[in-house]
Every structure is written in C-alpha cells, then in structure tokens.
Amino acid sequence: MWIAYKTIVTKEILRFVRIWIQTIIPPIITTSLYLLIFGGLMGSRIGQMQGVNYLDFIVPGIILMTVIMQSYANTVSSFFMTKYNNSFEELLVSTTPNWVILLGFVSGGVCRGLTIGLAVTFTISFFVKIQINSFIVIAITFLITSVMFALAGFINAVFAKTFDDISIVPNFVLLPLTYLGGMFYSIDILPNFWRNISIFNPIYYMMDAFRMGFLGIGSVELWKAFLVPCIMIVMLALIANKLLSRGVSIKTE
Amino acid sequence: MTLALSTENLTKTYSNNLKALKGVNLRVEKGDFFALLGSNGAGKTTAIGIISGLLKSTSGEVKINGLDQNKHINEVKKMIGLMPQEFNFNPHEPNMEILINQAGYFGISRVEAKIQAEVLLKKMELWDRRFDVAQSLSGGMKRRLMLARALIHKPSILILDEPTAGVDVEIRKSMWDYLTQLNNEGITIILTTHYLEEAESLCRNIAILNDGVLVEQTNMKKLLLKAKRQVIILDTVEKLTNNISIANCDCEILDDTTLQVAQGENTSISDVVLSLSAQNINVSHLRSSQNRLEALFLSITS
C-alpha cells in the first residue's frame, strides 16, 4: 500500500511540475498584483487594520487563498482528467484500496498547495518583511486548509461531467467565500448582521488562525479555528471515500 | 479440469434497464487460449469489465483460479491483466512512467518495475520511445503499450479486448506470435476480437455471446466441423462452359475462368478438383470465399 501511495503522490507532483507555467507562475503574478494594488497603492490610504499595517494584514490572506485555490485545483483537475481519459481504470483494476487512492490524490493537492504557497511567500518577501508569530500555528492551519480543500476538489471532480463543472465551484463558491472570509478585512469592522453570517463561512476560521500564526492577531479562539475545519475534513473524507467505494461516475451503473 | 475462470449465472442490468448479460456461465481452462466472440452490443465488454473488476455485476458469481472474486478481491486482481478496447492511459505521460506507475499500483517497487518495463518495452519494440509521451505513439504502438501495461505485474490470466484493432498486418502478426509465446509459457488468454480469422488461428476454445446470452461454448475444432458447407472460389486455366457440374456441390460461374463451388457434405476439395479435371478443366488457384468461423458465427448469431 505504501508503494501504491508513493506512486500516486509522485505522479501527482510530476504532473503539476511538468506544467509549471500553468500551475506555478500564474499565482505568483496574481500575488504580485494583489500586493501592488491592494497593499502598495490602496493600503497606504487605508492605514491600519486590527492594529497592523494593511499591507502586513493582507499577507496571510493572500497566501492562504493561494493554498486553498491550488489544493482544490490540483485534485479537481487531476481526478477529473483521469475520468476524462479513462486512466482511472488503471487504478480500478489494481490492488490499490480506495482510501489509498483518496489519500494519494489529497496528498498531491497538499503538495501543490505547499509548493505554490512557498513560492508565493517567497515572492511576497520582496514586497513586505514577513512576520512569523507561531510557525506551528501556520503549519497546522496550512495543513488542515489544504487537506480540506483537496478533499472538496476531489468530490467536485467525482460529480463533474464537463470541464465547466470543475471551474464553477472555484469561481462561484470558493473565491467569494475567500474574499468574504476576511482576506482583505477584519470581520470586526462588519455590521452585526454580516458578522453573524461570516461565522458560517469555514474559510473565516482558517484565515483567522493563519493570521494569528503570522501576526499574532485574531478574532476567534484558536481551538475553535482548528475544530471547524477538522470536522469538515472528517465529513468530506467520509463522503469522498463512500463515493469512491460506490464507484459513483467511475464505474458504469 | 482446472478452471482459470468460471462464471455462474452472471447478469448485468445497467441503470437504464439494458440487460447486457442474462445469466452467463463461462468456463475457461487454465492455460487455454480462449475466444469470446459476439457482435457489437452482445455483452463481451460488459463480461470482461465484470471479470476484471471495472464493473459490478447485478448478480452471479465470478471465480478466478477457484477464488471467489468478491471474497478474494486483491488476489484475483493480481491474477488478471487487462488490455481494454479503448485507450485508457494518460496521453501526456511518458510510456515508461505508464508502466512503472501501473506496477506501483500493484505494490511492485520502482526498481523491480523498471526491470520488467524494460523487458516488455523491448519486446513490444517501444524501448526507443520510452521517454516519449503516449499521445505521440501511433495507434498500433498504443495497443502494444497497453499490452505491456497489462503484463507488468505478471498476471496468470490475460484478457484482451480487441487487441489488434487498428494494427497493421505486420505488427498484428508479431503480436499473434507474442501472444502464442505467452500462452505457451502458461498464461491463460481470453480474447475478444472482430477478426474471426484471428480467433480461428489463435484460440483452442470459443464462446459466442449473442444479446447477453451464451449461445455456444465449445472447442474450436468441434465448432468448425459444424461448418458443413464451405464455399470455395476456383480460378481455372480453361474457359468455363455452362454445363459444368460437380456431384453434391452447387456451382456458379462468376466469370469466364472463375467458378464458385458450395461444397456438399462429405465432398472434399480433391473430389471437386478431380471432377473438374474429368471435365477437362484445370484449376490454377483456389481460395475460400468466406472464413468458416465467420460463416458459423453469422449463422449462430443471426
């Protein structure tokens, strides 16, 4: 099982490295633009947020947004492609158990999230002096965020029938949730009604914990910020494994 | 008799209510070269899909080398190598990687897989293309790559779904030779094909599916003996006249020097040639107008 797992992860890593112009370069350019526009041009007019420079404030959000998008994109596109070209049959006829297949694809998503997250952080370091309050909090938040969205991407791919279906969720669900999860602002500045709605957004908790790891500021208690995504990971993992074992959209019913 | 594969009342009804298999009982002996024939939509690919674990059956039982497929899923999967009809690899992946990854899915280490991949790629004459991506290969090369992939984990049963479709004559012949060699080494081969001469020349036993039902399962020689009337075409040296007749045979003059003869029961080709010779007509060439298995296949499935 270890060999099968290693094979899937290696294959996934090679896949996104092979197409680095599509996978690694665009997030770096996007990040630079965010920093230039929101941080450099507008940030000086905004001043401070939660007691820190606006440019410093948005850095954790930009990195986490990249991790979310890349982890999701990797599993959704990779798994969908295996369905599209029927190469998933290579796994179906083999002795690899479903949970190893799932773990392999999710690990691939985490690897891409980490690789591109680090590349983006490196790019940011040219614009801002990156502060680190707690490396452990950053690492844990990264991991649970990445795993959660890699799982969500996997489930999206299971149900996707066309290429459009794999871009709907990132564009119409993930991006708005990320923006509304406090990427560019603290939810403390929102009116009560919107603040109450924001607490149902799981990305808000991850964003808050990530900011705590970098800047030492946050609105939610850390245990709560970790618990919410962990519960979601368990739920998503169970759903994804069930879908795989039932062969939904993989085995003809 | 030791069976490599047996199915008991295998049925498959798809979600759209299409009954693809209606209680199929297949028996394939160990070491056999077995042909599973049927027209399009007869249920061959469904049967193969279930046997290889790609599809779930609706009911029935599949046993591989005596092991129940549902109870010994991993052992059974290790015993089977599948070469499907459609290309089902990642076309952007290098050929060598496709084989090594497939071995990895079966728990074979990269080092061991590399050795086996080299042997197979050389055998398939793809070694020079090992670093190329699969989409750059021709149709025949892709088929050979899939055959190599099916063999990477050294299965004891090889299932080939239309292995030579789209392959040129020369490569088809070399694939036949290789498959015969594998069979001689003890690998049980189950073959589906639309080239009936392929089944006739390679396989010892045969089953014919028609509309999800097994309508024939027998020895190839026995089946061919059922072909009572064979139609042959004769090219003659002399011009033919209208009063040609051969006992127990139906004759039809196709042109001045071409005669079609439907051989009657117990009439040999020698009888036909001798009879013509007695009528001062010498035969220069002789060929079969239709493959015997093809004629039988059509009569069984029509």
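The centres of domain 1 and domain 2 of chain B are 39 Å apart, taken over C-alpha atoms. Keep in mind that this is a predicted model. Where do the two domains of chain B begin and end? Domain 1 covers residues 3-225. Domain 2 covers residues 231-301.

Now the whole chain. Along its principal axes, the C-alpha atoms of chain B fill a box of roughly 75 × 45 × 40 Å. Chain B holds ten helices and 15 strands. Of its 302 residues, 39% are buried. Next, the contacts. Take those in chain B with a separation of 6 or more. Residues 24 or more positions apart account for 66% of them.

Let's go to the six-stranded sheet. In what order do its strands lie? The order is 7-8-9-4-10-11, all in chain B. This sheet is open, and its pairing is mixed. Strand 7 and strand 11 (213-219) of chain B are the edge strands, each pairing on one side only. From one strand to the next, the twist averages 15 degrees.

Look at one pair inside that sheet. Strand 4 of chain B spans residues 33-38, and strand 10 of chain B spans residues 205-210. These two are parallel, with five bridges between them. Find Gly38(B): opposite stands Leu209(B), in strand 10 of chain B.

Now the helices that lie across these strands. Start with helix 1 of chain B, residues 44-52. Helix 1 of chain B lies across strands 4, 7, 8, 9 and 10 of chain B. Against strand 8 of chain B, helix 1 of chain B runs at about 150 degrees.

Helix 5 of chain B is next. Helix 5 of chain B lies across strand 7 and strand 8 of chain B, at about 170 degrees to strand 7 of chain B. Helix 5 of chain B has 13 residues, 139-151. From first C-alpha to last, helix 5 of chain B reaches 19 Å, close to the 18 Å expected at 1.5 Å a residue.

Is helix 5 of chain B mostly covered or mostly uncovered? Mostly covered: ten of its 13 residues are buried. Among them are Leu145(B), Met146(B) and Leu147(B). Arg143(B), Arg144(B) and Arg149(B) are on that buried list too. What covers the buried residues of helix 5 of chain B? The cover includes strand 7 (80-83), helix 3 (95-105), helix 4 (110-123) and strand 8 (157-161) of chain B.

On to the four-stranded sheet. This one is open as well, with the order 13-14-12-15 in chain B and antiparallel pairing. Why is one side of strand 13 (250-255) and of strand 15 (283-288) of chain B left without a neighbour in the sheet? Both strands stand at the edges, and each has a single partner strand, so one side of each stays unpaired in the sheet. Neighbouring strands here are turned by 25 degrees against each other on average, direction ignored.

Stay with strand 13 of chain B. Five bridges join strand 13 to strand 14 (residues 258-262) of chain B, and the two run antiparallel. One bridge pair is Cys251(B) with Val261(B), the latter in strand 14 of chain B.

Last, the other chain. How many residues of chain A are in contact with chain B? There are 19, and they meet 25 residues of chain B. On the chain A side, helix 1 (2-18) and helix 6 (88-92) of chain A are the elements that give two or more residues. That side of chain A divides into five nonpolar, nine polar and five charged residues.

Key
Residues are numbered from 1 along each chain as its sequence is written. Chains are lettered from A and ligands numbered from 1 in the order in which they are written. This is a predicted model: local features need pLDDT of at least 70, side-chain atom pairs count only at pLDDT 80 or more; totals for chains, interfaces and linings use all residues. Two strands pair if DSSP finds at least two bridges between them. Axes are lines fitted to C-alpha atoms, for helices over the stretch in contact, and angles run from 0 to 180 degrees between N-to-C directions. A residue is buried if 20 or more other C-beta atoms lie within 10 Å of its own, exposed if 12 or fewer, and partly exposed in between; C-beta atoms are placed from the backbone. Two residues are in contact if their C-beta atoms, placed from the backbone, lie within 7 Å. Domain bounds come from an automatic or database domain assignment. The expected span of a helix is 1.5 Å times one less than its number of residues. Ala, Val, Leu, Ile, Met, Phe, Trp, Tyr, Cys and Pro count as nonpolar, Asp, Glu, Lys and Arg as charged, and the others, Gly among them, as polar.
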